Structures are given as structure tokens and as C-alpha cells.
Amino acid sequence: MLTITRKLEFDAGHRIPDHKSQCRNLHGHRYTLEITLTGAVIDIEGSSDNGMIMDFSDIKSLANAHLVDLWDHAFLVYEKDAPVRAFLESLPDHKTVIISRIPTVENLAQTAFDILSAAYQDRYGTGLRLQKLVLHETPNCWAEISAD
């Protein structure tokens, strides 16, 4: 199977409300997102995408539009974390993203995978699909999710 991968970065804050250690506090990370796609190589003479699964700039544009621009410099808050939601709502024009799961790296990876799977799904009629997503919370800690 032939795959291509594009790496993007964004900054976001979160907290794990019931965590036994420091992650229960408000804090942030420099996240690294790796998007791996699979599909047939485009074979259309004269096409800008000829010979590619998808142009890397198009991968970036779709990821930015559906996820990165929304999460970058936002606070990713669990929908049931009432004290933090109330605090963030008290800040005028604060960029807050409500997440239906506790915002661990595992749950954020699953949420990102769900969002981006739909964004890339067979855009060219070539079977294009999100094969794998890796979300690094730190350089040493990450979650991976794949379509299989």
C-alpha cells in the first residue's frame, strides 16, 4: 500500500479534570499532527496532481480548514468540565473548542481522525482516505489511530 504523510503543528490548551497529577491544571502543548493518506495515484496528463495521491498543499488546506485553524491557539475543553467552561465563557472573545470527550491525546486523536476522515474521503474518485493519524502532545508522547 502506498501512503503519503503531511505534518502540521498547532498550539492549544487543555486540562484533564480528574488527572492525579499536574495535567488536571490548565496548560498547553505544541501539538504535531501527522496525516497519512492512501489512494490511487492520479494519472491524468496535464493535471497539476498527476503522479500524486494528493498534493501536499491540498492536504494542508483541508486540514487547516477542518481542524488546525479551529484548534490552533484555542482551549480544548471537555463539555462536562463546568468550572473551566464557565471561566472560559467569562473571557471576552476567547477561542474555546468544546470537545465531547475528555481532551487526552488519545481522545483528541480520535476526534481529529473522525473530523479529517470525512474531509478527505474519496475527494477525487481515487479511493482517497485517511489511513492513519498521529497526534504528538509532546516530542515524547503521542497517540496513533489508523483506519484498519
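Which residue stands opposite F75 in β3? The residue opposite F75 is G13, and this small pairing is a good place to start our tour.

## Before we begin

This is a predicted model, in which local features need pLDDT of at least 70 and side-chain atom pairs count only at pLDDT 80 or more, while totals for chains, interfaces and linings use all residues. Residues are numbered from 1 along each chain as its sequence is written, and side-chain values use heavy atoms, with hydrogens and water left out.

A word on names: helices (H or I, at least four residues) and strands (E, at least two) are DSSP runs, numbered from the N terminus.

## The sheet

Six strands are a lot to keep track of, so let's take them in order. The 6 strands form an open sheet in the order β4-β3-β1-β2-β5-β6, with mixed pairing. Two strands count as paired if DSSP finds at least two bridges between them. In general, strands of a sheet pair through backbone hydrogen bonds, either parallel or antiparallel. At the edges stand β4 and β6, each with a single partner strand, so one side of each has no neighbour in the sheet. On average, neighbouring strands are turned by 30° against each other, direction ignored; the axes behind such angles are lines fitted to C-alpha atoms, for helices over the stretch in contact, and angles run from 0 to 180 degrees between N-to-C directions.

Both kinds of pairing can be found here. Strands β2 and β5 run antiparallel and are joined by 7 bridges, and in this pair L33 stands opposite L135 of β5. Strand β1 (residues 3-14), in contrast, pairs with β3 in the parallel sense over 2 bridges.

## Strand β3 and its surroundings

Is strand β3 buried or exposed? Of its 5 residues (74-78), 5 are buried, so β3 is largely enclosed by the rest of the structure. Buried means under 20% relative accessible area, exposed means over 50%, and partly exposed lies in between (1.4 Å probe, protein chains only). Residues A74, L76 and Y78 point one way from the strand, while F75 and V77 point the other way.

On to the link with β4 (residues 96-99): this strand runs parallel to β3, and 4 bridges join the two. Here T96 is the bridge partner of F75. Between these strands the chain passes through helix α2 (residues 82-89), making a right-handed β-α-β crossover. Right-handed means that, with the strands pointing away from the viewer, the path from the first strand over the helix to the second runs clockwise.

## Helices and the nonpolar core

Helix α1 lies across β1, β2, β3 and β4, at about 20° to β1. Helix α3 also packs on the sheet, touching β2, β3, β4, β5 and β6, and its direction makes about 150° with that of β5.

In soluble globular proteins, nonpolar side chains tend to be buried together. The largest nonpolar core in this model has 34 residues, and those with the most contacts inside it are I35, L116, Y120 and L133. Such a core is a set of buried Ala, Val, Leu, Ile, Met, Phe, Trp, Tyr and Cys residues joined through side-chain atoms within 4.5 Å. The largest share, 8 residues, comes from α3. Leaving aside neighbours within four places in sequence, Y120 is in contact (heavy atoms within 4.5 Å) with residues including I35, L37 and M54.

## Salt bridges

How many salt bridges does a search of the whole structure find? The search finds 7, where a salt bridge is a side-chain nitrogen of Lys or Arg within 4 Å of a carboxyl oxygen of Asp or Glu. In one of them, the closest N and O atoms of R30 and E9 are 2.9 Å apart. Since R30 lies in strand β2 and E9 in strand β1, the pair ties together parts that are 21 residues apart in sequence. R30 is partly exposed, at 43% relative accessibility, and E9 is partly exposed too, at 42%.

R15 and D81 form another salt bridge (2.8 Å, N to O). R15 lies in the loop between β1 and β2 and D81 in the loop between β3 and α2, so parts 66 residues apart in sequence are tied together. Both R15 and D81 are buried.
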